[in-house]
Amino acid sequence: LLAIALFYVGIFIFFRREKRFIYFAFICILIGIRAMVTEHKPLLELLPSISWFVVYAIEYLDMILLLSAYTLYMNSLFPGLLGRWFVRGLLLLCAIYGAIVLLAEPLVYTGFVNWFHALWGIAAAWISWRVGVYLIRNRPHTLEMVLVALGMIVLFLGAINDVAYYVFRIGRIANLLFERSMILCVFLHMVAMAVGFFRTEE
């Protein structure tokens, strides 16, 4: 994931107008960080002296930044499609929750986690619906758009499963499934951007 992130940072350096590349690189980095601070928390093994409070804060901030980065990424792929009010409102809520994580005790910000997972589900549903309607109305589809749609569906299902586990306590593999869905989504979108990039170069 780090190698993929660095690759797309390099592309962004040469194509600064294409902000989707830097958003995608950021998503890859955040997914890598998430893997280090969830489940068995490998970060604690690498840095035994690090505080549990810091690890929990990183986990929650990563979750917040991931939602923000994915929203910005999809908004850059489909400019104006998600709605300015949605993008700004979501980023504002993420910023507020991020500030709470930074300033408050774990007992405080963990109390809002179910609401944030619900926000994840609502955001995934809205993005999927808007992009889905766009793809239905604009045919034929390019391979790039098909891959983006598949990645979006995979992430949406993972997000819904995550919400079902953390909010309604349904399911037992939510975190593992969500991480796998994010990685598969990244792979599909990476291929989609590569296809679009090479088509543009031709």
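**Core, pocket and cavity of a helical chain**

Phe 116 touches Met 63, Ile 64, Leu 67, Cys 94 and Tyr 97, when residues up to four places away in sequence are not counted. These contacts, like every value below, were computed from a predicted model. Phe 116 also belongs to the largest nonpolar core, which has 52 residues. Together with Tyr 70 and Met 74, Phe 116 is named among the residues with the most contacts inside that core. Two or more residues of this core come from each of the helices H1 (2–14), H2 (19–37), H4 (52–77), H5, H7, H8 (143–166) and H9 (174–201). Of these, H4 provides the largest share, eleven residues. A second core, separate from this one, has five residues, including Val 37, Leu 44, Ile 50 and Val 55. In soluble globular proteins, nonpolar side chains tend to be buried together.

The chain as a whole consists of nine helices and has zero strands. Read from the N terminus, the order of elements is α-α-α-α-α-α-α-α-α. The chain has 202 residues, of which 44% are buried. Among contacts with a separation of 6 or more, 70% join residues that lie 24 or more positions apart. The exposed area of the chain is about 11,400 Å², and carbon and sulfur atoms supply 70% of that area.

The largest pocket contains about 190 Å³ of space. Its lining comprises Leu 93, Ile 96, Tyr 97, Ile 100, Phe 112, Trp 115, Phe 116 and Leu 119. Phe 116 and Tyr 97, which touch each other, are thus both found in the lining of this pocket. Helix H5 (84–103) and helix H7 (113–137) each contribute at least two residues to the lining. The greatest contribution is that of H5, with four residues. In terms of residue class, the lining holds eight nonpolar residues, no polar residues and no charged residues.

One cavity of 30 Å³ or more is present in the structure. The volume of the largest cavity is about 90 Å³. Around this cavity lie Phe 24, Ile 27, Ile 31, Leu 66, Tyr 70, Tyr 73, Trp 120, Leu 155, Met 182, Cys 185, Val 186 and His 189. Tyr 70 therefore has a place in the cavity lining as well as among the residues with the most contacts inside the largest nonpolar core. At least two lining residues of the cavity come from each of H2, H4 and H9. H9 gives the most, with four residues. By class, eleven of the lining residues are nonpolar, one is polar and none is charged.

Two further residues were examined individually. Ile 122 is placed in helix H7, a helix that also supplies residues to the lining of the largest pocket. With a relative accessible area of 54%, Ile 122 is exposed, because the value is over 50%. Ile 122 and Phe 156 are 34 residues apart along the chain, and their C-alpha atoms are separated by 9.7 Å. Gly 10 lies in helix H1, one of the helices that give two or more residues to the largest nonpolar core. The relative accessibility of Gly 10 is 23%, so Gly 10 counts as partly exposed, a class that lies between under 20% and over 50%. Between the C-alpha atoms of Gly 10 and Phe 21, which are eleven residues apart along the chain, the separation is 9.0 Å.

Key
Residues are numbered from 1 along each chain as its sequence is written. This is a predicted model: local features need pLDDT of at least 70, side-chain atom pairs count only at pLDDT 80 or more; totals for chains, interfaces and linings use all residues. Side-chain values use heavy atoms; hydrogens and water are left out. On a 1 Å grid over the protein atoms alone, a cavity is a set of points where a 1.4 Å probe fits but cannot get out, and a pocket is an open set with protein on both sides within 12 Å along at least five of seven lines; lining residues have an atom within 4 Å of a point. Grid points are joined across faces, edges and corners, and a volume is the space filled by probe spheres set on the points. Ala, Val, Leu, Ile, Met, Phe, Trp, Tyr, Cys and Pro count as nonpolar, Asp, Glu, Lys and Arg as charged, and the others, Gly among them, as polar. A nonpolar core is a set of buried Ala, Val, Leu, Ile, Met, Phe, Trp, Tyr and Cys residues joined through side-chain atoms within 4.5 Å. Buried means under 20% relative accessible area, exposed over 50%, partly exposed in between (1.4 Å probe, protein chains only). Contact means heavy atoms within 4.5 Å. Accessible areas come from the Shrake-Rupley method with a 1.4 Å probe; for residues, only the protein chains shown count as cover.
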